[in-house]
Amino acid sequence: MRYISTRGQAPVLEFDDVLLAGLARDGGLYLPESWPRLSADDIRSLRGLSYPELAMRVVAPFVGGKIEDAALADILTEAYAGFGHDAVAPLVQLDANLWTMELFHGPTLAFKDFAMQFLGRAFDHVLGRCGERVTIVGATSGDTGSAAFEACRDKDAIDIFFLYPNGRVSEVQRRQMTTVGSANVHAIAIEGTFDDCQDLVKAMFNDTAFRDEMRLSAANSINWARLMAQIVYYFHAAVSLGGPDRPVSFAVPTGNFGNVYAGYAARAMGLPIERFIVGSNVNDILPRFFDSGTLEMAEVAPTISPSMDIQVSSNFERFLFELYERDGGVVSQNVTEFRNTGKLSVGNNLWESSRETFDGFRLDDTDTRAVIGQVHAANGYLLDPHSAIGVAAARAKASDPATPIVSLATAHPAKFPDAVEEASGIRPPLPPALADLHDRPERMTVLRNDLAQVESFVREHVSLKGAA
Ligand SMILES: *Cc1c(COP(=O)(O)O)cnc(C)c1O
């Protein structure tokens, strides 16, 4: 399997290089040159498989032998072995034809564990094979940092540093980053905002000497391997509900368009999916796109679903690439236009064709709290704010009542206990594996919003064992 960039100018790579590269050299995002197809019989044969077995069938064609099958199967088995539910991604029925898929049984209680637990192991395997090391640096507003730390803890080939805005992440999110207790994991609290953290990370990558010396790498949501791992649970859900012999729809609370793009990939591989409903909070650039055919940036407003407080959805570029029939030149022009003007229109034909598969839905904080309260009263089931937006989107926009609809529950309610308590009167307890989170010793370093200071901290704490 070969991978090409959405901007058409970067070298064509195989899976192992795409994994380590993250962003393509022309600024684009990597995608498989063509989608591997599973026939209806192939999909039927997934019934009854365990989650890691099913994952192996879905991801092996993308890996294309660049990790040997036996090693890949081990990586997938280990990645999901630590999840707190035997089904890994269990379905819970809420209405006659509405299910939530609980994607929050991983070590950090959000769906990002599905991708990160795979990514950390795949990195370690590919690097270990060639005796190399990397230093992963990233910025986080909460969930990504903890998921990446858990995935990379104690990995021989990786040192990992995440910057977060000091005092501006929730207590659960902070403790999940500061209590990992591994020598290769470094939580850095920056005296500044999330944007300051992102700017510092960009500046480190732009400092070529530092980047090469530290062998910097990224684990952000544009990495193809993360999306690839997320395709699996769309197959898992559809097959559980009668696929491929019965189409299903999905409602996906989204920010960066990553999670829903993984669903789109499942559909491109032959999984019968009728529709995707993209749910957002008031930061509704994506629903506005599906309502109008125009992507238009606005100010980011803070909400009770902070992991979706995003106005530039980086993975949307992958969707544009498909919409423009894989013409990298046109994608480049569009991305440049969007960057310069904050606005981009795809025209009526493409807008209508995207409407055949996608719909959008937005919910403000007041209505999100109301949904959490209603679902708890009616079903005795607690949703976190992100997942509540998904359920509301499914209910509001399901097009055909005969088609089962699965709403992705992207975070455990205990990850956002204040919002959930305010909405339902119930303070959700942490699951047993994290019950002592508030007693664990914390380790973090507070640094000023200052590039030189952050770089010297990284330099002093990186091990770079075995580096050339
Ligand atoms: C990251 C995140 C999202 C958004 O996911 P995208 O892939 O950016 O669409 C939604 N919910 C939770 C809880 C998250 O952590």
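Which residues are the closest to the ligand among those that surround it? In this predicted model, 15 residues surround the ligand, and the closest are Lys112, Asp143, Thr254, Asn256 and Thr410. Sorted by class, the shell around the ligand is made up of eight polar, five nonpolar and two charged residues.

A look at individual atoms adds detail to this picture. Asn256, one of the closest residues, has a polar backbone atom 2.7 Å from an oxygen atom of the ligand. A polar backbone atom of Gly255 is likewise found 2.9 Å from an oxygen atom of the ligand. With Ser307 the side chain takes part: one of its N or O atoms is 3.5 Å from a ligand oxygen. On its own, the ligand has 390 Å² of accessible area, and the protein covers 96% of it.

Turning to the strands, five of them form an open sheet with parallel pairing, in the order β9-β6-β7-β8-β16. At the edges are β9, spanning residues 216–217, and β16, spanning 445–448; each of these pairs on one side only. Within the sheet, strand β6 (residues 134–139) runs parallel to strand β7 (residues 158–165), and six bridges join the two. A reader who wishes to find this pairing in the structure can start from Ile136, whose bridge partner in β7 is Ile160.

Helix α13, covering residues 316–323, is a useful next stop. Eight of its eight residues are buried, so the helix is largely enclosed by the rest of the structure. The buried residues include the aromatic side chains of Phe316, Phe319 and Phe321, along with Leu320 and Leu323. Glu317, Arg318 and Glu322 are buried as well. After α13 comes Glu325, which has a positive phi, near 50°.

Loop residues deserve a look too, and Thr357 offers an example. This residue lies in the loop between helix α15 (348–355) and strand β14 (358–362). Is Thr357 buried or exposed? Its relative accessibility is 9%, and because buried means under 20%, Thr357 counts as buried. Some of its surroundings come from elsewhere in the sequence: with neighbours within four places left aside, Thr357 is in contact with Arg267, Glu274, Arg275 and Phe276.

Key:
Residues are numbered from 1 along each chain as its sequence is written. This is a predicted model: local features need pLDDT of at least 70, side-chain atom pairs count only at pLDDT 80 or more; totals for chains, interfaces and linings use all residues. Side-chain values use heavy atoms; hydrogens and water are left out. Two strands pair if DSSP finds at least two bridges between them. Helices (H or I, at least four residues) and strands (E, at least two) are DSSP runs, numbered from the N terminus. Buried means under 20% relative accessible area, exposed over 50%, partly exposed in between (1.4 Å probe, protein chains only). A residue is near a molecule or strand if one of its heavy atoms lies within 4 Å of it. A polar contact is a pair of N or O atoms within 3.5 Å; within protein, one must be able to donate a hydrogen and the other to accept it, and residues adjacent in sequence count only if both atoms are side-chain atoms. Accessible areas come from the Shrake-Rupley method with a 1.4 Å probe; for residues, only the protein chains shown count as cover. Ala, Val, Leu, Ile, Met, Phe, Trp, Tyr, Cys and Pro count as nonpolar, Asp, Glu, Lys and Arg as charged, and the others, Gly among them, as polar. Contact means heavy atoms within 4.5 Å.
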